[in-house]
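User: I'm new to reading protein structures. Could you walk me through this one with some questions and answers?

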Amino acid sequence: MRISLFSWLFLHSLLIAVFFSIDVVLVAGQCQSDQRDLLIQLKNSLNFTLSVKLESWNQTRDCCSWKGVSCDGGGRVVDLDLSNQSIFGAVDNSSSLFRLQHLQRLNLAYNSLISPFPTGFDKFANLSYLNLSNAGFTGQIPAEISRLTRLVTLDLSVSSFLGAPLKLEKPNLGMLVQSLTRLQFLHLDGVNITTKGNEWCQALSSLTELQVLSMSYCYLSGPIDHSLSKLQSLSIIRLDNNNLSAALPEFFADFRNLTSLRLSTAGLTGRLPVKILQVPTLQTLDLSNNKKLQGSFENFSMKGPLQTLVLSDTSFRGQVPESIGSLRQLTRIELARCNFSGLLPESLKYLTQLVYLDFSWNNFSGPMPSFSRSRNLTQLNLAYNQLNGTIDTTDWSGLSKLVSIDLQNNKLGGSIPPSLFSIPSLQRLFLSQNQFSGTLDNLNGKTDLLLDTLDLSGNKLQGRVPMSVFELQGLKILTLSSNNFSGFIQWTDIQKLRNLSNLDLSFNAMSVNATATDSALSPFPNITTLKLASCKLTKFPGFLKTLPKLTNLDLSRNHIPGEIPNWIWEIKNLAYLNLSQNFLTGFEGPLHNITSSLSVVDLHRNRLQGQLPSLPPLATYLDYSNNNFSSELPPNIGDFLQFAYFFSLSGNKFHGRIPRSICNSSYLRVLDLSNNSLSGPIPPCLTKMSEYLGVLNLRRNNLSGIIPDTFPENCQLQTLDLNRNSLQGKVPNSLANCKILEVLDLGNNQINDSFPCRLKKISTLRVLVLRANRFNGNIHCSGNKTPWPMLQIVDLASNNFTGRLHETCLSTWEAMQADEDEAQSKLKHLRFEVLQLNQFYYQDAITVTVKGLELELQKILTLFTSIDISCNNFEGPIPQVIGTFKALYVLNFSHNAFSGMIPAFVGNLSQLESFDLSSNNFSGEIPLQLTSLNFLSFLNLSNNMLVGPIPTSTQLQSFSEASFENNTGLCGPPLQVKCGSKNESSQAPQRPPEFQSKDEFDWQFIFTGVGFGVGAAIFVAPFVFWKRASKWIDDNVDKFLVVILPKVGLIYTRPDDAEVETEENLQEEDTETDDEDGESNERTGEFRGIYCVFCSKIDQTMKKVIHDPSCTCYGSPSLSSSSSTSSSFSP
């Protein structure tokens, strides 16, 4: 009975509710005429050709039924929604809109009501919802908004790309919101607020009911004030794209309802509080693009609600823990461009809801985990890591929603799984720069794939390219370069890819037949980039002239002979042209009025001859090096370089003077005129160009005169190479202005100067070559320590330097003291980045000369270190600091006046590969520690005063006899002189004499001692009382000790030498005697004799010096016969 009564009551209530609802609808449909008229007036004041809602406003119908209009029970309009209607026009204070005074909700978002922000909004006393987001209003937000005290939602945001059309000045933020205490949702994105952290935080602290705070792009600054912690109802916080420049406060973790926290590009610093990642309600965390924000992961909460985790472009580091697999609701995770390392967690396979994953540009290593269970995955990016192993642990065929796979620049290997090409939704596949091998499977039956980008470049793939690849009709980008593909490809097969925009088949072992095509038809109407480098082409494909959108063309490293056709220069959109390393000999006709928009022209290493042709007027990069051009440079050449930042004519036969018009090229960053026959002085304006010039290379010309002293105060030079000219004078003082100089090569000129101590403040200097000039004096720079911590190659050979090597001078060369592991971690080539935003760079080159043989380093590794001070007048012992140069590869002290013993600390130079101390005054025995130099491939200790047996080791005995000759006291292999018993006993440890019996004396020993004592007394006594004889004996004893003590490992300094050394430490020596000059000339003459040359080369991996066992002795080559060195450009 109770059940039936309950049912009756329920039915009765339901009937009443239905009746009441019908009554409300009927009442709401009775639109008041004044409300209708106001809406019609509003409609007529606006332009709305695309508005669906306004088009439905018809007076024949009840206005309460119009789209976007809602009424209350009395027929009064309470809700007006005209958002996203593409409405144009102005809304001012006279608009009928502001007479709809019963409005409770107003939405004009996303229109174009371009007018100053009206002030009539205070008429809406009952308004609880106001959305003017991107409505088009501009200027100051009026104070009248602050009177809408019933507001629950306020949205005044504008898109960031519009600038900041709205601002809050008067009133400011505090005045705007001080009375809006009911606000729960506040959106001010894009409004120019420009206020400090304590001000905007305190202004918001009164909004205790606020749930959503969105103020991105508001020009807010930090720090975030603690007063913001009062907003305990906050659920969504969005403060991205401000300049807070502060740490994220830990109290954010105390917001018990926090679900979304977005502060990307906010200038966050410090370390992220661990508690932020452990907020139990957090679903979205985006802190990306805060470069100074640090942090790491601890264990994640089990089954946390986190759905989006974005930390890209921060300084997070460490490993990703296995507990990340417990975030089962995670759909998006981005950790790109951070410092994460270690293995990728295997638990990633449990993230079944994952849609987007980006771990690119980190240091992750090890195998790639399986993603077979992530069936919703659309984007997978693990590029630019250190991952290895295969990728077949994932069942790719089951990931039917995958759109993009990016695994480029790893160490992944094995074969490419055929299942990758079974993903129906896949559009982009990047597997370049890995170690994939084997053949590419046939793709028959896959022609309906959506694949538009396929990049397999930089792998070890081989065999023929399957013809089915050219059946993928949707392909727009196909890159197969730098593999081992072989075989023959007909151009008619490639032509099937009608949608192709980018094709790169360069650097394989295959041939492309592009000569049998119909030049009258355009095979690729949409192609913009065509790269066929090293494809064995023998002529220019005729169809190239029919490609209307072609912008990038690379036909380098082919076998194309003859002339460059004129139509190449007439391809209208062509911006990049690389025809280098062919057999081209000239141009089809004179180049006048080039109509193409060429920016990059690379013609280096051809056989082009004659005069330099007209240059493209808009070119930014021009490389005509290593050809046979043989004319004077045009006087107006600078007029064609108005936009050029790279210009190289190196390795030609240009003659005459350097035109001054080159100095008009105000954008030029690299100028290389080396290896020509240019003559005359260096134009002073050329060195003045170093205000923006980064590389100036004039080596191997016939330039004369002085180096202009016109380097500006803001000099930007990184490389200055003037080697092998006829320059005179001194090193210019203004060169010290070049504070970022890395390579300075003034070798093989006629510069007469002292050591350039004025350059000691250039702390970036890595290469210093002063070889074969007339420099003189000592190399010790007085005052503060010489700050050359990065110096790695020093060549002071064949000058007139004198004096001792000072510890304080050499101890600052920190780059030579680095351990191998440290040097390897910083391994790179010296090069000049032409522009920061592109791939072009200028590769520095240098010539290291060891024993007359020039070792040409086209790519100078920062790992390679060398000291060559041979053929000077240095004296004294080898400084102890040399023993700390653990990174040293080449050490040449030959043809000087060094003395003392070869120090045992030479054994610390573990990387040493070339060691030359020949033609000095070294004495004593060869230290046993020399046998520990396992990499030593060249050794010359000849022409000294060494004695004793040569230490026995496989290393030392592998050198020829010439390495030890002219040391009269040396014996043992590889010398033919055998060590006698006396020499052998000198190497054995000394033992006390043993008596034959306890009662027997050694009378020979006793008589010797007595005789020595009596003789000494008779000889010494007269000198005690005779002053002149005493002085004579002192001088001769000093001479005796100087010769004897070094043989037993001691260094003896005469009293007068000690005084000289003290004076050198206090004041730099500035003069030298004529006798010293004579000695220098004698030594230089001795250097031109017969000696064993340095027969070594640099390998292709670590630039290790490899010794040639067939090396023999040759005469010293003259400087003019040395091989040329040119700097190279690497794209």
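## Strands and rings

Analyst: Sure! Keep in mind that this is a predicted model. Let's start with the strands: three bridges join strand 29 to strand 31, and these two run parallel.

User: Which residue in strand 31 stands opposite G463?

Analyst: Strand 31 covers residues 484-486, so we look for a partner in that stretch. The residue facing G463 there is F485.

User: And in which sense do strand 27 and strand 29 pair?

Analyst: Strand 27 spans residues 435-438 and strand 29 spans residues 460-464, with two bridges between them. S437 stands opposite K460 of strand 29. The sense of the pairing is parallel.

User: Now the rings. Is the pair of F775 and F801 stacked or edge-to-face?

Analyst: The model has 31 aromatic pairs by the distance rule. In this one, the F775 and F801 centres are 6.1 Å apart, with 15 degrees between the planes. Planes under 30 degrees apart count as stacked, so that is our word here: F775 and F801 are stacked.

User: How many residues apart are F775 and F801?

Analyst: F775 is in the loop between strand 53 and strand 54, while F801 is in strand 56. The pair links distant parts of the chain, and the separation is 26 residues.

User: Is F775 buried or exposed?

Analyst: Buried means under 20% relative accessible area. F775 has 0% relative accessibility, so F775 counts as buried.

User: Which residue lies over the face of Y129?

Analyst: Here we want a charge sitting over a ring. At 4.0 Å from the ring centre of Y129, we find R105.

How values were computed:
Residues numbered from 1 in each chain as written. Predicted model: local features only at pLDDT ≥ 70, side-chain atom pairs only at ≥ 80, totals over all residues. Heavy atoms only, no water. Pairing = 2+ DSSP bridges. Helix = DSSP H or I, 4+ residues; strand = E, 2+ residues; numbered from the N terminus. Phe/Tyr/Trp six-rings, centres within 6.5 Å; stacked < 30°, edge-to-face > 60°. Buried < 20%, exposed > 50% of the residue type's maximum accessible area, 1.4 Å probe, protein only. Lys NZ or Arg CZ within 6 Å of the ring centre and 35° of its normal.
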